Amino acid sequence: MRVLLVQPGLGKGFGLRQLSLVEPLGLETVGGALVGKHEVLLLDMRLEDDLSATLKQFNPDLCGISCSFTLDVSRALEIAIRIKAASEGRQPFVVVGGHHASLSPGDFNHPAVDAIVVGEGEATMAELARRLEEGGELRAVPGLVLNQEGGHVSTGTRPLTENLDDLPLPARHLAERYAGSYYAFGEKPMAMVETARGCENRCHFCSVWHFYRGRRRVKSPQRVVEEVLAVKAPYILFTDDNFLGDVERARQIAELLLERGVHFRCAIQARSDSIVEHTDVLKLWRQVGLVGVFVGVEKIDDAGLSQVRKGNSAANNERALEILHREGIGVTASFIVDPSWEHRDFAALRRYVAEKRIQTPSFTVLTPLPGTVLHRELGSQVNTHDCELFDLLHAVLPTRLSLAEFYRELAATYRSAYPWHRVLMEGLRSLPSRTDGAKPDLLHLWRLTQIYRTLTRAESFLAGHRETAAQIKASSRSS
Ligand code: SF4
């Protein structure tokens, strides 16, 4: 059977989305479960747009489209429609999978989509491909929502893979032709490695713990080392939501790598409480090559943290920032801006970022993503159907300030955190220090200037809403 795996294109690629373009690790891992038994092709439409030619040449029997983010919904659907329309006679079976598709399968109740893969995709896709090839009842394949004439039919829940070491290695060769094009935060080329899945915390705005059913499972240190050694890129971004969640394991991985003399530049995501408690492990990873840590600071005080149920404290956040500064590790701190904010709240956030000397903060707008507690509480107040606005930079809930004032404050917060001269210096500095030492990446400098222009002007945020309003007006005229 020929299986085509598709990563949708970027669409508007507003703001921070331009900062990184990472390998489609989810599709590579699903691909790992299929290669050897089937002919598999991966098309990354962020880098290669020619779906029609691919369909013609490869003539797939099964197409799997990734939809991990809410803002990919319309593009994933459009791809499904194009696949069905391009096929004459025998049509490929089209499935959509990923975090968003799993948590909101109803978004794909469309004749162009035959099924939605709900939850982890490796075993489900392998079994689906086998059933389609050999014939048999698809209702017997757990983990699917089938689009049938009477509507959506669930085939039941597929249990999570108990031992992550049983998962196939990601089939990185499927994306090898794009490997030199992936970048994140000025590091290029780069690769991603997943060492764990899920989170034991229960933040209200987060869908990760819902997707993984409240559990956290980990790969063994030996398996992680095996995956790291299979990576060719000189920079690795570990995808785990809290890399230090199992600190003994994090320590063992570092020790195994150091014993083998393996060093590489890398970045992790970690909670501030783990950083404070386990600074020694951070130092060990510094020896491996840790250069950056992403910390979800979210809020500047305990009241704000408890509002989003972060289960952490402002004191931990401040201590973690100090530790990272002291250890010379780059820190990217993310903050949540609330649509209910007034001028003084933005001003307090700007003061905090300046006082704590946070060089690379990101400010995202509180968004009730499907599958979150926040969505259950506030989903009815969402005031747009445009999935492109769910990029965490637009307000999809009513704002207390006027929308224009809200974005003026958000843009001012970005301007205050990123003075233009510093952005320019950063861009210029990164030119000769590319990870692979190859030719300077002028594109990175261009991207930084584009991102700066977008995020520091209220007008660019507002334009997204105007496009939506124009679309609604146009569709109401045509209906
Ligand atoms: S935001 Fe981070 S810490 Fe909170 S539940 Fe999600 S993954 Fe866990």
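The exercises below, each with a worked solution, lead through a predicted model.

Residues are numbered from 1 along each chain as its sequence is written, and side-chain values use heavy atoms, with hydrogens and water left out. Because the model is predicted, local features need pLDDT of at least 70 and side-chain atom pairs count only at pLDDT 80 or more, while totals for chains, interfaces and linings use all residues.

**Exercise 1. Describe the open sheet of 7 strands and state which strands stand at its edges.**

Solution. Begin with the vocabulary: helices (H or I, at least four residues) and strands (E, at least two) are DSSP runs, numbered from the N terminus, and two strands pair if DSSP finds at least two bridges between them. With these terms, the strand order reads β3-β1-β4-β5-β6-β7-β8, and the pairing is mixed. At the edges stand β3 (39-44) and β8 (151-154), each of which has a single partner strand, so one side of each is left without a neighbour in the sheet. Neighbouring strands of this sheet are turned by 20° against each other on average, direction ignored, where axes are lines fitted to C-alpha atoms, for helices over the stretch in contact, and angles run from 0 to 180 degrees between N-to-C directions.

Next, take one pair of strands: β6 (residues 115-117) and β7 (residues 144-148) run antiparallel and are joined by 3 bridges. Within this pair, isoleucine 116 has valine 145 in β7 as its bridge partner.

Finally, add the helices, for which contact means heavy atoms within 4.5 Å. Helix α1 (residues 25-34) lies across β1 (2-7), β3 and β4 (62-66), and runs at about 170° to β1. Helix α3 (residues 73-86) also packs on the sheet, where it touches β1, β4 and β5 (93-97), with a direction that makes about 165° with that of β4.

**Exercise 2. Describe the open sheet of 6 strands and the helix α15 that packs on it.**

Solution. The order of the strands is β10-β13-β14-β15-β16-β17, and their pairing is parallel. The edge strands, β10 and β17 (360-365), each pair on one side only. As an example of a pair, β15 (residues 290-298) and β16 (residues 330-337) are joined in the parallel sense over 6 bridges, and valine 293 has valine 331 in β16 as its bridge partner. Helix α15 packs on this sheet by touching β16 and β17, and its direction makes about 170° with that of β17.

**Exercise 3. At what angle do α13 and α15 pack, and which residues meet?**

Solution. Two packed helices are described by the angle between their axes and the distance between the axes. For helix α13 (residues 343-355) and α15, the angle is about 10° and the axes are 10 Å apart. That makes α13 roughly parallel to α15, since angles under 35 degrees count as roughly parallel, over 145 as roughly antiparallel, 65 to 115 as roughly perpendicular and the rest as oblique.

On the α13 side the contact is made by His343, Phe346, Leu349, Arg350 and Val353, while the residues they meet in α15 include Glu405, Phe406, Glu409 and Leu410. By class, this contact has 7 nonpolar, 3 polar and 3 charged residues, where Ala, Val, Leu, Ile, Met, Phe, Trp, Tyr, Cys and Pro count as nonpolar, Asp, Glu, Lys and Arg as charged, and the others, Gly among them, as polar.

**Exercise 4. Is phenylalanine 406 buried or exposed, and what is it in contact with?**

Solution. Phenylalanine 406 lies in helix α15. At 0% relative accessibility it counts as buried, a term that means under 20% relative accessible area, with exposed over 50% and partly exposed in between (1.4 Å probe, protein chains only). Leaving aside neighbours within four places in sequence, the contacts of phenylalanine 406 include Val337, Asp338, Pro339, Phe346 and Val365.

**Exercise 5. Locate the cis peptide bond and describe the positive phi of arginine 213 and of leucine 392.**

Solution. Most residues other than glycine have a negative phi, and most peptide bonds are trans. The bond from lysine 188 to proline 189 is cis, with omega near -5°, and proline 189 lies in the loop between β9 (183-184) and β10 (191-193). Arginine 213, which is not a glycine, has a positive phi of about 55°, and its place is in the loop between α6 (208-211) and β12 (216-218). Leucine 392, also not a glycine, has a positive phi of about 70° and lies in the loop between α14 (373-378) and α15 (403-417).
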